[in-house]
There are 4 protein chains.
Amino acid sequence: MSTKQELLQNPIQHIDIKQHNVVALVDAMNHMAYSSRDLARAATIYDMMLRDTECGVILCLAGSLISAGLKQVIIDLLRNNMVDAIVSTGANIVDQDFFEALGFKHYVAGEEYKYGAGDAELREMMIDRIYDTFIDEEELRICDETTEKIINGMKPGAYSSREFIKEMGKYLAENGRTPKNGNEDSIVLAAYELNIPIFCPAFSDCSFGFGIVAHQHARQGKPMCSIDSGKDFYELTQLKIQNPTTGLLMIGGGVPKNFAQDIVVAADILGVEASMHKYAIQITVADARDGALSGSTLKEASSWGKVDLTWEQMVYSEATIALPLIAGYAYHKKAYAART
Amino acid sequence: MSTKQELLQNPIQHIDIKQHNVVALVDAMNHMAYSSRDLARAATIYDMMLRDTECGVILCLAGSLISAGLKQVIIDLLRNNMVDAIVSTGANIVDQDFFEALGFKHYVAGEEYKYGAGDAELREMMIDRIYDTFIDEEELRICDETTEKIINGMKPGAYSSREFIKEMGKYLAENGRTPKNGNEDSIVLAAYELNIPIFCPAFSDCSFGFGIVAHQHARQGKPMCSIDSGKDFYELTQLKIQNPTTGLLMIGGGVPKNFAQDIVVAADILGVEASMHKYAIQITVADARDGALSGSTLKEASSWGKVDLTWEQMVYSEATIALPLIAGYAYHKKAYAART
Amino acid sequence: MSTKQELLQNPIQHIDIKQHNVVALVDAMNHMAYSSRDLARAATIYDMMLRDTECGVILCLAGSLISAGLKQVIIDLLRNNMVDAIVSTGANIVDQDFFEALGFKHYVAGEEYKYGAGDAELREMMIDRIYDTFIDEEELRICDETTEKIINGMKPGAYSSREFIKEMGKYLAENGRTPKNGNEDSIVLAAYELNIPIFCPAFSDCSFGFGIVAHQHARQGKPMCSIDSGKDFYELTQLKIQNPTTGLLMIGGGVPKNFAQDIVVAADILGVEASMHKYAIQITVADARDGALSGSTLKEASSWGKVDLTWEQMVYSEATIALPLIAGYAYHKKAYAART
Amino acid sequence: MSTKQELLQNPIQHIDIKQHNVVALVDAMNHMAYSSRDLARAATIYDMMLRDTECGVILCLAGSLISAGLKQVIIDLLRNNMVDAIVSTGANIVDQDFFEALGFKHYVAGEEYKYGAGDAELREMMIDRIYDTFIDEEELRICDETTEKIINGMKPGAYSSREFIKEMGKYLAENGRTPKNGNEDSIVLAAYELNIPIFCPAFSDCSFGFGIVAHQHARQGKPMCSIDSGKDFYELTQLKIQNPTTGLLMIGGGVPKNFAQDIVVAADILGVEASMHKYAIQITVADARDGALSGSTLKEASSWGKVDLTWEQMVYSEATIALPLIAGYAYHKKAYAART
Ligand SMILES: NC(=O)c1ccc[n+]([C@@H]2O[C@H](COP(=O)([O-])OP(=O)(O)OC[C@H]3O[C@@H](n4cnc5c(N)ncnc54)[C@H](O)[C@@H]3O)[C@@H](O)[C@H]2O)c1
Ligand SMILES: NC(=O)c1ccc[n+]([C@@H]2O[C@H](COP(=O)([O-])OP(=O)(O)OC[C@H]3O[C@@H](n4cnc5c(N)ncnc54)[C@H](O)[C@@H]3O)[C@@H](O)[C@H]2O)c1
């Protein structure tokens, strides 16, 4: 039996797309078949979104992406003006990105843990597992507590997740959890510095939820903070209204995919004639056959009037392989240079 | 080309598990291999949950299940005392169940529509597609408006999704959308009548979201209603605290799966020593290999201290096939008779 | 650590569709969505094949189906005149059906073995694993040797797999491995008694391959037996030519699926104007997106002129759940009564 | 409606891994999670196989890989001494590689054809579809006829697929279908020139099958050629016996995967104490949960005594993305330089 220390020693390292020029590789895939061709087409569509200077790019994140080594990819997209808003699950933003921003890490788990053979022992050591990755649960508790601390510092009221996450960014900036101070960069920090909104439509369903529950429990009867998930929707819809041309870069499906698509309809309900999302690409391993949202095709979304048919592409691939290629392609094509 | 009327004439009919005694069939599957044996074991575990009179049963719903013909299954579980709380995506509860309670229907789409060949025409006719199912978008708009009307009738304040959904149930009861009045039964109504709580942790991500956006837009500056998603989490955690033994019957994954599992940790954060979920079964087509929550094994959840290892079972199957067998098995075994 | 004996004590039991009348259940699924509706449509198409008295029904088997508890289903289809020819992988016919006909069994493996946690120990005990099922390797060796013995008893020459399998059936009949003698029934025996041909297009890729290798090794230089896989194709094509109307009931994909489809083209090459397979259903968990044959849609097969478009249905489900429903439906609808 | 000529104008182009140095990219993936880490580990294991100068490398091919743009990858592996034997489905070798060697091409199909919307029209134009790829059926018929011509030119007798494929290579060499003559290179030609054996264990299940059926039909009664699939197995087993250390590089699953694994057992049956395959990697999208061979883990194979546990890796990814990265990695690491 290994000790906790032995199990938590090989940290996940985030891939740096800036180091890998995959343009020629991806261009070659354009003339092949199956997922490689789909991937190449998706990369081209993302490049088109960036060249369309009227287009607001919304990045959607579902799945455990940040713990898997994709954090730096997202930071690079933010810092190079390749994304205008993020819609994400709470886990990616709080439990994983903000968690690492506090100085913690995710760890490589051995092959033998993947299917649960060691879960009882992990439980005893307070190691949490995400498939082939380990997390120190004691560190995660600190993350939960930090969110509570941040909430406690805010004026009672109903906030959108965006407002809370901005506060988290401010916390990082003010507490020196920044590259300038020798710490690792983070999505929450970069978004804060660049004034890019991040939305988590199911925001209580993550480490932040533990913070809010503790906060509300302590305030019983007194004025308190609450997460107004309607406000999220309202704010993101404003973004649609201000950027009539929009494109979706979706990693995984779930709530973020549906939420970002729905703002077209919400704009309509507010009486604004909004165009469908003009560009849409999704990387997923989900399938259309269960009828669920995650694997539903973008063509299906067009029947709902949410996504335009011309420039959409589903990429059937696990994201740790596909995203470095698609984001790396767009990065090295440098279309962002012309964006303002 | 078919007309809208022609396309919307073959309604989805909800399967009635009360008519199909599958006990012997499922018992036979217990001695086979692969998914059939997993399914049989899951059915047995659900039966155990019901025989454990101390156990609170939480039903989790993700995916488009109600539109797919599974509405009556859920109603039967509620009306036969086989479920104590529901955690669901908004779509199942509002866009699909409440929608049908208003008198609307889902329709069978022809095979040729499944992969998007007709989506441009559907768009023009305002027919929305969920894989092989059609919805009249004009009717869906009425559903959106009804949620707005209900919200407008409420006192300004921050509500949990449970409180809003209870209000929707009351609306149905008061407006005669009941079996007694010759209308179809519904999940929202049954839960209202039986006082069973329903939670939608990402409640703005459905038809109700359109209602709340419209409401908040109209009230700008004035006191208004908001969805407090922290309150959801707090309330569901209370339920865990009151039912120290709990079991999860999960259809699909997504936010409901994580949310319901997390209340074990939330109770702990509130200083209550809560036991892990003692029983847990999940029907899903998602896979563990992408590291995402939906396909993560219940063993993995045990490393997080959320689910006990002894009585858990993943069933890899599409839910429209698996749920009638599992729910039907438990129904015809009649363990609910001893529950109070 | 368990002993070999302890691990091999819970035998797989084959489901008996004759005991479970699922007609009403499957009919109800016809009005739902996703896989349940596909399954119901497939069951209906199989029933149509049987009512079409001109139709020759070809059953294709891939995957480890017999070890999984589906043996009796196939036997029941054969003994009730619901199948006219079988195309299978070798494993189903030799390593699994013939193996059980020799008196051996497959065993239920515990959940904890599914993902390989105990494979090193299993190796040492000579227990072979198929996902959640165990096999005694020493018994499998006896099966290999029996095939060699049968080959050794045949006149040197090039045989089709059908001829070899017929010889295996004769061996069972002559050695009293029959129900009459208190032994379990088998596919190989039933096919022999009913004169239904069984083809294994990749016949060396199973226990029989070990027999033929041993045989050929012993005969070096001398006249010997060989598997003529061209003859298989030729013989199956004759069957197409004699039954101009044909239907395919495919469980899994792989070589059997392609082989049975290709006879339409082969007939054409022999100068016979043969019609496409009029009916085709496939139960599979494979996906179209990898471009491989197993998951390719039956529509795709129609572009090759192999399968007609009107009565084809893919059912996305694991076979241990779907086949008892589909075969059980057709059995209890009794269309076979009118076949000759 | 497009004409046949319009549909067949954008040929599949084969990716050239020699142009894309992916070593740093793949090395970075080693520190991530999920499929990227698995892919990186698999690439490392392939590199190890090549550095182990005692190791015979067996390449297994299933699925439609050659039509998908992976032909040149395989040729590069052969011509750079990175593969010692091939076990493949017939389709890859005959219908796709040999077919292109005769001067024909595969074509890119538009997105709208992927799910069968145009299959009826394709049928009329004699265009065959593989998911998103088109083939001219009239050209495929010429391929069928060429195999018949080659068979007709051979001395009657029972041949292994290896012998037939060698003859096909000779045909290409003698008819100037070579790069020297300005034609494209091919797998069959390269293997012929380099004396690398290619086995197709289900050899009648492809274009060659049509050739052999036509041949046997014409020769009725007279001495003829037959495919001896036992001989295939015997020959490949010899290869195992001569290379006690062996490694498997498997693309897809199916018959080739099982066949190549089984030679360990076959050697044993011939009385030779053969070691298990020391290295094994598989790229697949198949899943373990259906119990079928294609998705069965390599750990499972170790319970059968076929594959060693230490250096095995499954990579869950579609091959057109994963193979260029894995093969490209090994190529640019240049381990082949030390092989003899
Ligand atoms: N599905 C819809 O049509 C729809 C419509 C409006 C809004 N939404 C919203 O989108 C969000 C996500 O929706 P979702 O639940 O469809 O997401 P989802 O696709 O992420 O489903 C969650 C998981 O459940 C499993 N699953 C779903 N359906 C299944 C089935 N039939 N059988 C077996 N497993 C199944 C899937 O494997 C998936 O991983 C929610 O907020 C929901 O309210 C969805
Ligand atoms: N594929 C064709 O178009 C075609 C054409 C003519 C004949 N055939 C014949 O059909 C039989 C079966 O063919 P098959 O090999 O296509 O069977 P298959 O579909 O059974 O493939 C085997 C396995 O390989 C995996 N796989 C295939 N392609 C993959 C990819 N691109 N990426 C990752 N994994 C992949 C799949 O998961 C599958 O489980 C063979 O005898 C072959 O000669 C096939």
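**Exercise 1. Find which residues come nearest to ligand 2, and work out why its site counts as shared.**

Step 1. Start with the neighbours: 25 residues sit around ligand 2, and the nearest are C:S294, D:G63, D:S64, D:D205 and D:E318. Keep in mind that this is a predicted model.

Step 2. Now look at the chain letters. The residues surrounding ligand 2 come from chains C and D, so the site is shared between these chains.

Step 3. Which helices pitch in? At least two shell residues each come from α12 (254-269) of chain C and α5 (90-101) of chain D. The top contributor is α12(C), with three residues.

Step 4. Sort the shell by class and you get nine nonpolar, 13 polar and three charged residues.

**Exercise 2. Pick out polar contacts of ligand 2, then say how much of the ligand the protein covers.**

Step 1. Use 3.5 Å as the cut-off for a pair of N or O atoms. On the chain C side, an N or O atom in the side chain of C:N258 is 3.3 Å from a nitrogen atom of ligand 2.

Step 2. Cross over to chain D. A nitrogen atom of ligand 2 lies 2.6 Å from a side-chain N or O atom of D:E318, while an oxygen atom of the ligand is 3.0 Å from a polar backbone atom of D:A91.

Step 3. As for cover, ligand 2 has 810 Å² of accessible area on its own, and the protein covers 94% of that.

**Exercise 3. Go through the surroundings of ligand 1 in the same style.**

Step 1. Ligand 1 has 25 residues around it, the closest being A:S294, B:G63, B:S64, B:D205 and B:E318. The surrounding residues belong to chains A and B, so this site too is shared between chains.

Step 2. Helix α12 (254-269) of chain A and α5 (90-101) of chain B supply at least two shell residues each, and α12(A) has the largest share, three residues.

Step 3. Check the contacts. A side-chain N or O atom of B:E318 is 2.6 Å from a nitrogen atom of ligand 1. Two backbones meet oxygen atoms of the ligand: B:G253 through an N or O atom at 2.8 Å, and B:A91 through a polar atom at 3.0 Å. Of the 810 Å² of accessible area that ligand 1 has on its own, the protein covers 95%.

**Exercise 4. Decide whether helix α4 (residues 66-79) of chain C is straight or kinked.**

Step 1. Try the ends. The helix has 14 residues, and a straight one would reach 20 Å at 1.5 Å a residue, yet the end C-alpha atoms of α4(C) are only 16 Å apart.

Step 2. Look for a bend: α4(C) has a kink of about 30°, centred on C:Q72.

Step 3. Add the setting. Of the 14 residues in α4(C), 12 are buried, including C:L70, C:K71, C:V73 and C:I74. Just past the helix, C:N81 has a positive phi of about 60°.

**Exercise 5. Run the end-to-end check on helix α11 (residues 229-242) of chain A, and find the residue that caps α11(A).**

Step 1. The 14 residues of this helix reach 20 Å from first C-alpha to last, close to the expected 20 Å.

Step 2. The N-terminal cap is A:D228, with a side-chain oxygen 3.0 Å from the backbone nitrogen of A:G230.

Step 3. Finish with burial: α11(A) is mostly covered, with 10 of its 14 residues buried. Among them are A:D232, A:F233, A:Y234 and A:E235.

Technical notes. Residues are numbered from 1 along each chain as its sequence is written. Chains are lettered from A and ligands numbered from 1 in the order in which they are written. This is a predicted model: local features need pLDDT of at least 70, side-chain atom pairs count only at pLDDT 80 or more; totals for chains, interfaces and linings use all residues. Side-chain values use heavy atoms; hydrogens and water are left out. A residue is near a molecule or strand if one of its heavy atoms lies within 4 Å of it. A polar contact is a pair of N or O atoms within 3.5 Å; within protein, one must be able to donate a hydrogen and the other to accept it, and residues adjacent in sequence count only if both atoms are side-chain atoms. Accessible areas come from the Shrake-Rupley method with a 1.4 Å probe; for residues, only the protein chains shown count as cover. Helices (H or I, at least four residues) and strands (E, at least two) are DSSP runs, numbered from the N terminus. The expected span of a helix is 1.5 Å times one less than its number of residues. The bend at a residue is the angle between axes fitted to the seven residues ending there and the seven starting there. Buried means under 20% relative accessible area, exposed over 50%, partly exposed in between (1.4 Å probe, protein chains only). Ala, Val, Leu, Ile, Met, Phe, Trp, Tyr, Cys and Pro count as nonpolar, Asp, Glu, Lys and Arg as charged, and the others, Gly among them, as polar.
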